[in-house]
Amino acid sequence: MKPFDTYTTLVTAEREKRANFHTMLSCVMPRPIAFVSTISADGVNNLAPYSFFNGVGSNPPAIIFSPCTRADGTDKDTVINLRAVPEMVVNVVPYDVRDAMNQASAQYAPEVDEFDAAGLTPVASRFVKPPRIGECPVQLECKLVQIVKVGDGPLSANICIGEIICFHVADGFLLENETVDIAKIDLIARAGGDWYTRITDRFELSKPAAP
Ligand SMILES: Cc1cc2nc3c(=O)[nH]c(=O)nc-3n(C[C@H](O)[C@H](O)[C@H](O)COP(=O)(O)O)c2cc1C
């Protein structure tokens with residue numbers, strides 16, 4: 001292994017927002033996908049996938065995901081719903097759910113129940129109002145901690161921080177040590193452009209010995 005000789009430097013402040021967005025998507029990847037269910041003040045279920053998503057900390061166990069502001073500067077339904085009902089379910093996305101997940105990313109009107117639109121099964125949650133997605137093998141019931149704004153206007157971030165209240169793991173996916181069987185779960189992740197990836201190739205790396 002040796003260092004690269006030269007680099008092209010793209011200065012974000014000198015570039016179009018969209019160009020920064022696409023460059024970022026192709027280098028910060030693969031990104032896991034949170035398939036998020038929320039509920040509106042009027043009780044309408046909403047679904048949307050978010051790949052600006054990760055787990056952050058475990059005391060308490062917490063997740064973040066980030067719906068950006070739309071190109072016209074308005075907030076996505078997920079954010080509007082979370083301000084009204086600060087609870088969500090983060091469902092993980094296996095390969096079999098990819099088409100329904102993609103369908104749910106279309107911009108439906110707020111009065112449309114996106115479980116119906118995507119052909120997915122709502123299952124009552126135990127601690128929160130939004131339902132879980134029955135076709136997803138792992139679902140995290142979460143309470144909203146905070147929404148943090150980064151930037152202003154179109155494509156700015158709304159980082160939604162959630163505390164995980166419980167994990168639901170479908171029968172057959174939980175190992176004896178209470179981790180999820182990563183070989184069986186067959187999750188997909190987002191890459192750049194319209195590309196996705198699937199974990200079909202893995203390797204193990206032991207932790208280094210203490211220096
Ligand atoms: C795989 C995938 C990942 C996505 N990730 C994000 C994301 O991280 N942030 C975002 O703002 N939009 C993301 N989108 C687009 C939203 O899902 C889309 O704007 C959706 O309509 C928002 O729904 P809502 O208005 O019902 O909240 C993603 C779409 C797909 C298909």
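Two strands are taken to pair if DSSP finds at least two bridges between them. In the predicted model described here, 3 strands meet this description in an open sheet, arranged in the order β1-β11-β12 with antiparallel pairing. The edges are occupied by β1 (31–32) and β12 (196–198), each of which has a single partner strand, so one side of each is left without a neighbour in the sheet. Between strand β11 (residues 188–190) and β12, the antiparallel pairing extends over 3 bridges. Within this pairing, Ile-188 lies opposite Arg-198 of β12.

A further set of pairings involves strand β2 (residues 34–39), which is mostly covered, with 6 of its 6 residues buried. Ala-34, Val-36 and Thr-38 point one way from β2, whereas Phe-35, Ser-37 and Ile-39 point the other way; buried residues are thus found in both sets. Strand β2 pairs with β3 in the antiparallel sense over 6 bridges, and Ile-39 stands opposite Asn-45 in β3. The two strands β2 and β3 form a hairpin in which 5 residues lie between them. In the turn of this hairpin, Gly-43 has a positive phi of about 85°. Strand β2 is also joined by 3 bridges to strand β6 (residues 87–91), and these two strands run antiparallel. Here Val-36 of β2 is placed opposite Val-90 in β6.

Strand β3 also contributes to the surroundings of the ligand. The ligand is surrounded by 17 residues, of which the closest are Ala-48, Phe-52, Lys-76, Asp-77 and Thr-78. At least two residues of this shell are supplied by each of β3 (45–50) and α2 (77–84). With 4 residues, β3 provides the largest share of the shell. By residue class, the shell comprises 7 nonpolar, 7 polar and 3 charged residues.

Another position examined is Cys-142, which is located in strand β9 (residues 138–150). A residue is classed as buried if 20 or more other C-beta atoms lie within 10 Å of its own. Cys-142 counts as buried because it has 28 C-beta neighbours inside 10 Å. When residues up to four places away in sequence are not counted, Cys-142 touches Ile-63, the residues Glu-87, Met-88, Val-89 and Val-90, and the residues Gly-162, Glu-163, Ile-164 and Ile-165. Val-90, one of these contacts, is the β6 residue that stands opposite Val-36. Gly-162, another of the contacts, is 20 residues from Cys-142 along the chain, and the C-alpha atoms of the two are separated by 5.5 Å.

How values were computed. Residues are numbered from 1 along each chain as its sequence is written. This is a predicted model: local features need pLDDT of at least 70, side-chain atom pairs count only at pLDDT 80 or more; totals for chains, interfaces and linings use all residues. A residue is near a molecule or strand if its C-beta atom, placed from the backbone, lies within 6 Å of it. Ala, Val, Leu, Ile, Met, Phe, Trp, Tyr, Cys and Pro count as nonpolar, Asp, Glu, Lys and Arg as charged, and the others, Gly among them, as polar. A residue is buried if 20 or more other C-beta atoms lie within 10 Å of its own, exposed if 12 or fewer, and partly exposed in between; C-beta atoms are placed from the backbone. Two residues are in contact if their C-beta atoms, placed from the backbone, lie within 7 Å.
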